[in-house]
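Reader: I am in my first year and still learning to read protein models. Could you take me slowly through one part of this one, the surroundings of the ligand, and then show me how the rest connects to it?

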Amino acid sequence: MHQTDNDRKLCSEADLALTNHLAKQDYKIIKKIGEGTFSEVTRVQNLKDGKHYACKTMKQSINSLEQAHNLREVQAMKRLSLHPNILQLHEVIFDQDTRTLSLICELMEMNVYELIRGRQYPLSESKVKNYMYQLCKALDHMHSNGIFHRDVKPENILIKHDLLKLADFGSSRSVYCKPPHTEYISTRWYRAPECLLTDGYYSLKMDIWSAGCVFFEILSLKPLFPGTNEVDQVSKIHDVLGTPDCTVLQKFKQSRVMPFNFLPRKGCGLSQLIPRCSAPSLSLLYQMLAYDPDERISPRTALQHTCFRELRLSERRALGLHRTIGVMEDSNSMTPGSVEQFWRNTRQGRRQQLKHVAEPLSRYVLPRYPVELPKLNMAAPTPKVPYPVSSLPALEIPHQGLLPAITSKKCHSRSMKPREEPHRSTLKSYYMPPLERKGGGY
Ligand SMILES: Nc1ncnc2c1ncn2[C@@H]1O[C@H](COP(=O)(O)OP(=O)(O)OP(=O)(O)O)[C@@H](O)[C@H]1O
């Protein structure tokens, strides 16, 4: 959740009560910089080296350091660490007296919602593409390490100058956890069709849908699908993209108890909402917002899209490895109108080709990764409470190697609350996300 301007004040007494235990450690609280459903974030200074960090203090009490290290968020951050587009965890602090857990992370400047809020003029498309390229890298890194985020939204994407980092891994999950997922996830406006229309039969492709919504929002400064409830959310998607072909709906229906039906309708299309958008960006946006998760582009393929050609080239130049890129660059010569037409034609074409009987979605969403994952290299909890992450054994995991399930305890039914994170799991499982955006609301 984003913070309001009023939040950018020095810590009140209440804030200090929450974060007081830090005084026992080596950090000085500077000011509150953000608040989410599950935490409060303050800017702190390390008294030893003088460096500034963000301290995310959990509202949920924790019983032990071991429990802290078993939290999804901590596990995910440790496993994903050392990627330039993933927020780095510096230290884990557990206060035994108050049972409070704080994550000391690198400090960023603002979140993407704050970047676009109140802007009169859009950001340049090249800047937006630069951010999206980094977001796709973050998602590719997550997915290839066996984790999906499940709450990609502007507030969880942090920036510092031109650098982007994905944050808030509290909703993340192992891609090896078989659907149906029972928790209530993802913020409504960024929720993929399979999350809205099935009973938990979604997987890692939901992240790229959310990233597509963010792409549009940074380009246009407006949310793409600002649904007021789940039904309206689906309707807002159909307003723009139209209803999907019946094979897709049939697939979703097989993973849903409650029946649903939609009158076929044609959407207005994306190009009229962002008329200045270039053809390559529009083409990528359509692929990220493919209704069917099986048709949706993966972050890795997205990174190879024409849209990012210049970025790839300058990256290679920077590495001194400038080579000719021989990938399909066709859409460079297309106009936004022809992209729109091309998209509609492919959908028509697919409709005629898809003659096979739709299988339940569960058959489709299983990731193409190895099934068994190694355990995270967890150091045994020590009596020393501050836990510098840098002192942990390196968590280097080869891309296609054996990857750990975050923990098997995570795949619980509603009646079995995961012990290691009762608060987040309770909130996310049983209530609609109470996230309200100022002047709108998810
Ligand atoms: N490392 C950081 N540097 C700067 N600001 C940060 C940092 N981490 C978090 N924030 C700010 O704090 C806000 C809340 O953080 P975060 O999303 O991690 O909390 P949460 O309780 O998990 O939120 P949610 O309600 O989305 O689950 C972010 O939107 C961001 O504005």
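Author: Happy to; we will begin at the ligand and work outwards from there. The model is a predicted one, in which local features need pLDDT of at least 70 and side-chain atom pairs count only at pLDDT 80 or more, while totals for chains, interfaces and linings use all residues. Residue numbers start from 1 along each chain as its sequence is written.

Let us look at the ligand. Around the ligand there are 25 residues, and Gly34, Gly36, Thr37, Ala54 and Asp168 come nearest (near means a C-beta atom, placed from the backbone, within 6 Å of the molecule). The shell is made up of 12 nonpolar, 9 polar and 4 charged residues. Here Ala, Val, Leu, Ile, Met, Phe, Trp, Tyr, Cys and Pro count as nonpolar, Asp, Glu, Lys and Arg as charged, and the others, Gly among them, as polar. Strands β1 (27–35), β2 (39–46), β3 (52–58) and β5 (100–106) each give at least two residues to this shell. Strands are DSSP runs of E with at least two residues, helices are runs of H or I with at least four, and both are numbered from the N terminus.

One residue of β3 deserves a pause: Lys56 is found in that strand. An unreviewed UniProt entry covers Lys56 with the annotation "binding site"; UniProt positions follow the numbering used here, feature names are shortened, and annotations may be inferred rather than shown by experiment. Lys56 counts as buried because it has 24 C-beta neighbours inside 10 Å. The cut-offs are 20 or more other C-beta atoms within 10 Å for buried, 12 or fewer for exposed, and partly exposed in between, with C-beta atoms placed from the backbone. Leaving out residues up to four places away in sequence, Lys56 touches Ser39, Val41, Ser102, Leu103 and Cys105 (contact means C-beta atoms within 7 Å, again placed from the backbone).

Now step back to the whole chain. The protein chain is divided into domain 1 (14–106) and domain 2 (110–309), with bounds from an automatic or database domain assignment. Each of the two domains gives at least three residues to the shell around the ligand. Between the domains, 12 residues of domain 1 are in contact with 16 residues of domain 2. On the domain 1 side of that contact, 6 residues are nonpolar, 3 polar and 3 charged. The centres of the two domains, taken over C-alpha atoms, are 29 Å apart.

Next comes helix α3 (72–80). This helix is mostly covered, with 9 of its 9 residues buried. Its cover includes α2 (65–70), β4, β5, α5 (125–144) and β7, so β5 appears here as well as in the ligand shell.

Just after α3, Leu82 takes a positive phi of about 70 degrees, although it is not a glycine. Most residues other than glycine have a negative phi, and most peptide bonds are trans. Leu82 counts as exposed because it has 12 C-beta neighbours inside 10 Å. Arg150 also has a positive phi, about 75 degrees, and is found in the loop between β7 (147–148) and β8 (157–160). With 25 C-beta neighbours inside 10 Å, Arg150 counts as buried.

One peptide bond is worth finding too: the bond from Pro179 to Pro180 is cis, with omega near 10 degrees.

How values were computed:
Contact = placed C-beta atoms within 7 Å.
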